[in-house]
Amino acid sequence: MDPRAAGGCALCGARPTEAHHAAGRAHDCELVVDLCLAHHRLIHDDMADAGCDLRHSPLRAPGESIAEGLRCLGTLFARVAGVGDVAWLGAVSDYLIRCADTLTYLICLLDARLPGWRSHIHEGELP
């Protein structure tokens with residue numbers, strides 16, 4: 001069953017809703033949750049504050065897209081944890097953001113130590 005079929009904002013139940021790409025449309029176009037207009041704007045503000053890069057880039061390595069998707073999800077879960085009685089989502093949020101930061105750090109190391117690695121990824125080869 002489509003989790004969006006129940007209708008209403010996933011955070012407060014209000015209508016009308018907009019489809020929110022939870023991991024960022026550029027990173028995962030299928031992971032969608034309905035949010036009311038106010039929560040959708042608030043989540044996007046949270047994502048901007050967290051430094052989530054929502055732009056699509058054909059030059060982005062898969063690991064970078066995964067890191068940004070994790071950061072976006074962590075930001076959404078942090079907001080959800082603050083709305084309801086789901087404090088454990090705060091810990092999940094922290095974990096996702098730590099994973100995103102670690103993956104971003106590893107990509108920076110690759111950039112520094114193997115400058116040509118990106119061209120191999122985009123050509124479908126492993127370095």
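Among contacts in the chain between residues at least 6 apart in sequence, what percentage join residues at least 24 apart? In this predicted model, the share is 49%.

**View 1. Overall fold of the predicted chain.** Four helices and two strands make up the secondary structure. Along the sequence these elements run in the order β-β-α-α-α-α. The chain has 127 residues, of which 31% count as buried. Its exposed area is about 7,700 Å², with carbon and sulfur atoms supplying 59% of that area.

**View 2. The largest nonpolar core and the elements that supply it.** This core has 16 residues. At least two of its residues come from each of β2 (32–36), α1 (37–49), α2 (62–83) and α3 (88–113). The largest share belongs to α2, which gives five residues. In soluble globular proteins, nonpolar side chains tend to be buried together.

**View 3. Surroundings of Leu11, a member of the largest nonpolar core.** Within that core, Leu11 and Ile43 touch the most other members. Leaving aside residues up to four places away in sequence, Leu11 touches Leu35, His39, Ile43, Arg79, Val80 and Val83. Ile43 is thus both a contact of Leu11 and, with Leu11, one of the two core residues that touch the most other members.

**View 4. Helix α3 and its buried residues.** This helix spans residues 88–113 and has 26 residues. From its first C-alpha to its last, α3 reaches 38 Å, close to the 38 Å expected at 1.5 Å a residue. Leu89, Ser93, Leu96, Ala100 and Ile107 are buried in α3. The helix also supplies at least two residues of the largest nonpolar core.

Note on methods: Residues are numbered from 1 along each chain as its sequence is written. This is a predicted model: local features need pLDDT of at least 70, side-chain atom pairs count only at pLDDT 80 or more; totals for chains, interfaces and linings use all residues. Side-chain values use heavy atoms; hydrogens and water are left out. A nonpolar core is a set of buried Ala, Val, Leu, Ile, Met, Phe, Trp, Tyr and Cys residues joined through side-chain atoms within 4.5 Å. Buried means under 20% relative accessible area, exposed over 50%, partly exposed in between (1.4 Å probe, protein chains only). Contact means heavy atoms within 4.5 Å. Accessible areas come from the Shrake-Rupley method with a 1.4 Å probe; for residues, only the protein chains shown count as cover. The expected span of a helix is 1.5 Å times one less than its number of residues.
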